[in-house]
Protein chains: 2
Amino acid sequence: MSKKIVKPAILPGFMELIPNEQILFNKMLDTIRHNYEKFGFLPIDTPVMERAEVLLAKGGGETEQQVYRFEKGDTDIALRFDLTVPLARYVAQHFSELTFPFKRYHIGKVYRGERAQRGRFREFYQCDIDIIGNGNLDIVNDAEIPSIIYSTFKDLGFDFFTIKINNRKVLRGFFQWLGIEDSTEVLRTIDKLEKIGLSKVKSELEEQNLSKDDIDKIVEFIQIKGTNEEKLESLKELKIENDIFLEGLNELIAVNHYVGAFGVPKENYTIDLTIARGLDYYTGTVYETFLDKHADIGSICSGGRYDDLAGYYTKQKLPGVGISIGLTRLFYQLYEAKLIETKDRPLTKVIVIPMKDCLDKSIEISNILRENDINTQVYLEKGKLGKKFGFADKLNIPYVLIIGTDEIEKGKYTLRDMKTGEQTMLSIEEIISGFKNDEI
Amino acid sequence: MSKKIVKPAILPGFMELIPNEQILFNKMLDTIRHNYEKFGFLPIDTPVMERAEVLLAKGGGETEQQVYRFEKGDTDIALRFDLTVPLARYVAQHFSELTFPFKRYHIGKVYRGERAQRGRFREFYQCDIDIIGNGNLDIVNDAEIPSIIYSTFKDLGFDFFTIKINNRKVLRGFFQWLGIEDSTEVLRTIDKLEKIGLSKVKSELEEQNLSKDDIDKIVEFIQIKGTNEEKLESLKELKIENDIFLEGLNELIAVNHYVGAFGVPKENYTIDLTIARGLDYYTGTVYETFLDKHADIGSICSGGRYDDLAGYYTKQKLPGVGISIGLTRLFYQLYEAKLIETKDRPLTKVIVIPMKDCLDKSIEISNILRENDINTQVYLEKGKLGKKFGFADKLNIPYVLIIGTDEIEKGKYTLRDMKTGEQTMLSIEEIISGFKNDEI
């Protein structure tokens, strides 16, 4: 053939899985979705591309340089780089059609042209939930969020993880009380404590021209220890007379109480005064979630409360609280760390292998199995029996149903357990009830 | 506020749904996926963007002008415009990791910068299945495909639809026998019979410089009537001595037989010799599917057999057969025609409304309901009872569970059926078993 062959390869920084990995990925995604729906969140789906003017209304920042942006005809187009900006635009645009508090989930791909590096992806799934109030939103919502994180990660198969909770008002009020007017930089620094350690935090704070006394107070503050209740007590005892601080403290007390009421075990959440979240738009409660034995993976689910979701698109005041799971990166990390495995997750329960002249009967039986909601395929190619078993084996299909003239005469078919090699002669009814009752 | 407000709007030609529509859309998507999995198809997911060189390897054609294409850094990038080209690249790239016949499904968004018009979308979901053989692929696979179409559209709630089946070898052989060397143009014309009518087909054929005799034969051929068996008999009786024709006829006979074996009722499939599919790459069996009472919607599911999936990426010969459902357009058409409705499809089964001082208990009960896999939300905002009922009503949530001090004392809670207004006092156990047994 003289046709030019193009090398089949995807771009660097993109994830593509082979089917058994994809099945595992999809199961995780389904589990997340199932949990989001269980708590009453409604689905939305927005276009991957929007007018650049809309997606970049907020402008500036690191993100803008990473955005995939191009012109088509006269239109300046950008690909979404998160699901929060599209949510803000969505809520503003469809305001009159929505019911508030608006609880929405959104699972979709987002795009960032980051520098390619291990574990960073230019296309990745975000799985977001947000609760948006019209004008105001009760603080108890901030306590429900950790219970959704808890429920989701339990269902994903994890037991040992900690949801770290803080409130930026507590931090902001504290800094204001110290006389630090613009606390943004301080917050950014403190947020990095886990990553860069205490001494680097100190030196960064020094670079910000804070007094030694202030730095000591900050360090003392962010190192408050004990149970959640003890920490809250210590915060009270600081006798900080600042309205923002006190508001934040009361919120934190409420959130701590209701997170318990929502059924999150004590060992799965903790108040951590170092958590600030680098993003500017969080104004109250903030969350990060870590696997206890794999802190190196970083936060696996983060979010928080914001005062004003959609100020760039509407004059409506829309406070909200939400979280995001970056599933593509999470999957990559868990898979690399061998914390998840692709084994034994076939979608197909049984493959029917027809012997010579038994294709019609084999097809008929596969129809019956599928009518009973048993995922079934028929091996339709010609070839030796060994090859057909090999096919089932490679795809990890747990059962093979062999249909030959003998079987058809008897009305009983040979079901082979591919793990044990055991073969049993069963009627269709026995096979169906066996699968339904998980006996085979 | 002096901040500039950007008008919140999406680009023309994009579909965005409000949540109750999105729920319906997702249910359709889930039904399609469920059916694809039931027949043993494996999921894949490919990047939305790839190197333009890869996606446009085939080059030329109408499609290329519609492609979203841009540069980022040094890279010439295109967004995928279908799921077939990415499949070809995927199979070539991962060839050694796949098991053949490779049955894959892929549900994802694709992009075409078409001229904006009603019912045409620039971003739309395709739901594809393909079975790819390594070197060869048995014709019985071509008969399984209609059974998947049948199963899927039945599950989507349709009873009256017809899968039209043809074989391009039959057409090609027939034209070769007539002495028409390049039948591509003739095929394109014939494929339009349903759309443009017989007389326009005739005049188009005349423009292609065919003899009157040939045109008469073609018209007679594509108008063969009767049952499938009668049509096949008429084709045999034409005594066309052409190998391609005879090969196609034998394939069509086999497909017709096995489609029946796969359980598709006679009234849901028919051999239609006018179906050719405009696309060049189909080489054998072709399918189109129409709603019997809404032929104006056009084909709702199409596809066919091709000899060589991935010739631009590999020297491996990879024949395949597959179909695609363009879900975004289908949803739009069905919704416009009021053939699908958003009513009564809430994801949330029950909303718990706490009376004064009963929030903790309400949260506790919602936890228990969710642990029993009942989608439950708690109304967390303060406000009057009427407003809370209004919330449940607007979201079509079928049940409200009212929890007050009376209820807590009695251990029985007021469950209100939002449709009938009927209220019953029930214990948690009664509520759970009621939901589980679909009694409430």
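In chain B of this predicted model, three strands form an open sheet in the order β2-β4-β3, and their pairing is antiparallel. Because β2 (49–51) and β3 (69–72) of chain B stand at the edges with a single partner strand each, one side of each has no neighbour in the sheet. Neighbouring strands of this sheet are turned against each other by 40° on average, with direction ignored. The points below go on from this sheet to a second one in chain B, the nonpolar core, the contact between the chains, a helix pair in chain A and two individual residues of chain B.

**Strand pairing in chain B**

- Strands of a sheet pair through backbone hydrogen bonds, and they may do so in parallel or antiparallel fashion.
- In the three-stranded sheet, β3(B) is joined by four bridges to strand β4 (residues 75–79) of chain B, the two running antiparallel, and within β4(B) the bridge partner of E71(B) is D76(B).
- A further open sheet of chain B is built from five strands in the order β13-β12-β14-β15-β16, with mixed pairing.
- Its edge strands are β13 (376–378) and β16 (423–426) of chain B, each of which pairs on one side only, while the twist from one strand to the next averages 25°.
- Strand β15 (residues 413–417) of chain B runs antiparallel to β16(B) and is joined to it by four bridges; in this pairing, Y413(B) stands opposite L426(B) in β16(B).

**Nonpolar core**

- The largest nonpolar core has 247 residues, and those with the most contacts inside it are V91(A), L401(A), V91(B) and L401(B).
- Leaving aside residues up to four places away in sequence, L401(B) touches V350(B), V352(B), I353(B), Y413(B) and L415(B); among these, Y413(B) is also the residue that stands opposite L426(B) in β16(B).

**Contact between the chains**

- Chain B and chain A each bring 77 residues to their contact.
- On the side of chain B that touches chain A, the residues divide into 37 nonpolar, 18 polar and 22 charged.

**A helix pair in chain A**

- Helix α1 (residues 19–38) and helix α5 (residues 140–155) of chain A have axes that come within 9 Å and cross at roughly 145°, and α1(A) passes α5(A) in a right-handed crossing.
- From α1(A), the residues T31(A), I32(A) and N35(A) meet I148(A), S151(A), T152(A) and D155(A) in α5(A), so that by class this contact has two nonpolar, four polar and one charged residues.

**Two residues of chain B**

- Y105(B) has its place in strand β5 (residues 102–111) of chain B and counts as buried because it has 24 C-beta neighbours inside 10 Å, the cut-off for burial being 20 or more.
- Not counting residues up to four places away in sequence, Y105(B) touches Y36(B), F41(B), P43(B), D128(B) and I129(B); by contrast, Y105(B) and D191(B), 86 residues apart in sequence, are 27 Å apart in space from C-alpha to C-alpha.
- Q22(B) lies in helix α1 (residues 19–38) of chain B and is partly exposed, with 18 other C-beta atoms within 10 Å.
- Along the chain, Q22(B) and T342(B) are 320 residues apart, yet their C-alpha atoms are separated by 8.8 Å.
- With residues up to four places away in sequence left out, Q22(B) touches P43(A), I44(A) and D45(A) in chain A as well as L17(B) in chain B.

Key:
Residues numbered from 1 in each chain as written. Chains lettered and ligands numbered in written order. Predicted model: local features only at pLDDT ≥ 70, side-chain atom pairs only at ≥ 80, totals over all residues. Pairing = 2+ DSSP bridges. Axes fitted to C-alpha atoms, helices over the stretch in contact; angles between N-to-C directions. Core = buried A, V, L, I, M, F, W, Y, C linked by C-beta atoms within 7 Å. Buried ≥ 20, exposed ≤ 12 C-beta atoms within 10 Å, placed from the backbone. Contact = placed C-beta atoms within 7 Å. Left-handed = near helix turned anticlockwise from the far one by under 90°.
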